[in-house]
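This report describes a structure with the sequence and the coordinates at hand. The parts are taken up in turn, from a sheet and its surroundings to the contact between chains.

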Amino acid sequence: MARKRWHTAAAVVFWLLLWQAGAMLANQRLLIPIPTPADTAAALARLGGTGRFWLTAGASAARIGAGFLLAVLLGTACAAASERWGWFGTVSEPLVRLMRTVPVAVVTILVFLWLPRGRIPGFIAFLTVFPIVWSNVAQGIRHADQGLVEMAAVFGMGRREILRQITLPGIRPYFTAAVATGLGFAWKSGVAAEIICRTELSLGSMLWSSKSAVAYDEVFALTAVIVIASAALETVARRLLKGGRRDPV
Amino acid sequence: MIRFENVTFFYQARRPVVENFSLEIPDGDRLCLSGPSGEGKTTVLRLLMGLERPRRGRITGTEGLRFSAVFQEDRLIPERTALENVALFSDDETARAALARLGLDDVLRSLPVELSGGQRRRVALARALAHPCDVLVLDEALTGLDEAASERCLAAIRRAAEGKTLVLVTHESAHAAALGARTVRL
């Protein structure tokens with residue numbers, strides 16, 4: 001494990017050095033400089049020192065987080081309903097497929113006509129995550145071990161207890177995967193929607209303003225914030241949902 | 001007394017697995033179902049435990065009975081340790097004792113995936129023996145165990161089955177004899 005961490009750290013350092021070298025080389029020829037890692041870190045520190053940045057990041061997180069949570073709740077409920085009642089799954093499937101395939105930019109422009117700007121990023125995060133949660137949880141329910149359910153019933157376990165002790169732990173890995181993947185997707189699609197519709201008090205809008213002001217070090221710094229937040233959220237979600245259970249040796 | 005009265009069961013209408021089957025199992029009986037593979041022994045056990053319903057005929061005397069079973073497959077919960085798998089259907093102390101009786105004291109904290117096939121089989125048996133029941137159902141419970149392990153398991157089954165009804169399926173007539181079970185051929 002420690003060895004793997006060292007390898008990952010070495011790979012990150014390698015790419016940072018390559019970025020530094022590439023930026024230095026390009027800056028000798030280009031009019032608009034490409035920020036180096038050092039420039040980006042300085043911009044990040046500058047942004048981090050302002051209250052407005054944290055307020056903006058918090059507002060983005062709240063907006064996107066709301067869409068994500070709603071998607072997890074509704075996606076799980078709909079997966080259970082579609083596995084319980086076949087007709088529900090059949091009727092809903094075309095809609096879920098559509099949600100999966102239509103590009104974020106297209107939906108953002110479409111909903112722009114009907115929703116206030118502040119609501120669009122959350123809605124886009126919801127649309128992105130909902131089908132992921134639905135299909136993963138439905139798969140988990142389908143793969144639930146009927147042999148274990150039968151065994152528990154023979155041993156006199158009640159239906160509610162079977163659900164708690166047998167069925168839900170079986171679905172848990174599918175749910176965890178959906179939540180962890182969905183968090184990353186929600187964040188990325190939500191910020192993309194913020195950029196497209198320039199939502200007030202949002203990281204996306206801040207990114208756009210920095211680009212307009214040709215402050216590319218800030219553009220890079222904000223991009224770094226978005227990438228790091230996405231990775232961190234995914235890691236936190238995986239750890240929380242794993243919750244002290246140990247993997248097989 | 002459990003009674004099978006002219007019971008017929010099929011998955012596909014033209015090929016009954018069990019046909020016009022009648023059987024009486026008095027309380028405290030020890031019964032071994034034997035016969036070639038595919039003759040419906042496991043299906044009779046499933047009917048007995050209420051996992052299948054007869055298509056014709058009826059089964060009486062099972063209402064309110066508590067069952068405990070070893071299935072053909074181990075059916076252990078993969079994310080729970082050996083001890084947790086057993087204790088889920090009894091209590092911690094009884095589970096530890098049942099596992100120890102079957103020589104599994106050193107794998108209490110192991111997950112099923114970490115156990116050998118024989119160890120998993122014994123955990124499944126320990127679970128059935130630790131669970132309080134009226135009828136103990138064993139479907140080829142000792143398959144894959146070596147002689148020493150089988151002897152140990154037979155002793156544990158004899159002890160746990162005292163005062164209970166025991167219904168088992170085994171291809172080893174010696175196992176049925178060791179448990180003092182009468183044999184019914186299908």
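## The sheet of chain B

Chain B holds an open sheet of five strands in the order β5-β6-β7-β3-β8, with parallel pairing. The edge strands are β5 and β8 (182-185) of chain B, each of which pairs on one side only. From one strand to the next, the twist averages 20°. The model is a predicted one.

Three of the pairings in this sheet are set out below, each with a pair of residues that stand opposite one another or are bridge partners.

| Strands (chain B) | Sense and bridges | Residue pair |
|---|---|---|
| β5 (residues 67-70) and β6 | parallel, four bridges | F67(B) and V135(B) |
| β6 and β7 (residues 165-169) | parallel, five bridges | V135(B) and T165(B) |
| β3 (residues 30-34) and β8 | parallel, four bridges | L33(B) and V184(B) |

V135(B) thus appears twice: F67(B) stands opposite V135(B), and T165(B) in β7(B) is the bridge partner of V135(B).

## Strand β6 and its surroundings

How many of the residues of strand β6 (residues 135-139) of chain B are buried? Five of the five are, so the strand is largely enclosed by the rest of the structure. The cover extends to both faces of β6(B). On one side V135(B), V137(B) and D139(B) are buried, and on the other L136(B) and L138(B) are buried. In a regular strand, side chains alternate between the two faces of the sheet.

Two helices can be placed relative to this strand. Helix α5 (residues 147-160) of chain B joins with β6(B) and β7(B) in a right-handed β-α-β unit. Helix α4(B) lies across β5 and β6 of chain B and runs at about 170° to β5(B).

## Nonpolar cores

The largest nonpolar core has 65 residues. Which residues have the most contacts inside it? They are V86(B), A126(B) and V137(B). V137(B) is also one of the buried residues of β6(B). The largest share of this core, seven residues, comes from helix α4 (residues 117-130) of chain B. Leaving out residues up to four places away in sequence, A126(B) touches V86(B), A98(B), L99(B), L102(B) and L104(B).

Another core lies apart from this one and has 48 residues. Among them are F68(A), A178(A), A186(A) and M206(A).

## Chain A

Chain A has ten helices and zero strands. Along its principal axes, the C-alpha trace of chain A spans about 75 × 50 × 30 Å. Of the 249 residues in chain A, 33% are buried. Among the contacts in chain A with a separation of 6 or more, 74% are between residues 24 or more positions apart.

## Where the chains meet

Contacts between the chains involve 13 residues of chain A and 17 residues of chain B. On the side of chain A that touches chain B, the elements that give two or more residues are α7 (146-154) and α8 (159-197) of chain A. Which of the elements gives the most to that side? It is α7(A), with five residues. By type, the residues on the side of chain A that touches chain B are eight nonpolar, three polar and two charged.

Methods:
Residues are numbered from 1 along each chain as its sequence is written. Chains are lettered from A and ligands numbered from 1 in the order in which they are written. This is a predicted model: local features need pLDDT of at least 70, side-chain atom pairs count only at pLDDT 80 or more; totals for chains, interfaces and linings use all residues. A residue is buried if 20 or more other C-beta atoms lie within 10 Å of its own, exposed if 12 or fewer, and partly exposed in between; C-beta atoms are placed from the backbone. Two strands pair if DSSP finds at least two bridges between them. A crossover is right-handed if, with the strands pointing away from the viewer, the path from the first strand over the helix to the second runs clockwise. Two residues are in contact if their C-beta atoms, placed from the backbone, lie within 7 Å. Ala, Val, Leu, Ile, Met, Phe, Trp, Tyr, Cys and Pro count as nonpolar, Asp, Glu, Lys and Arg as charged, and the others, Gly among them, as polar. A nonpolar core is a set of buried Ala, Val, Leu, Ile, Met, Phe, Trp, Tyr and Cys residues joined through C-beta atoms within 7 Å. Axes are lines fitted to C-alpha atoms, for helices over the stretch in contact, and angles run from 0 to 180 degrees between N-to-C directions.
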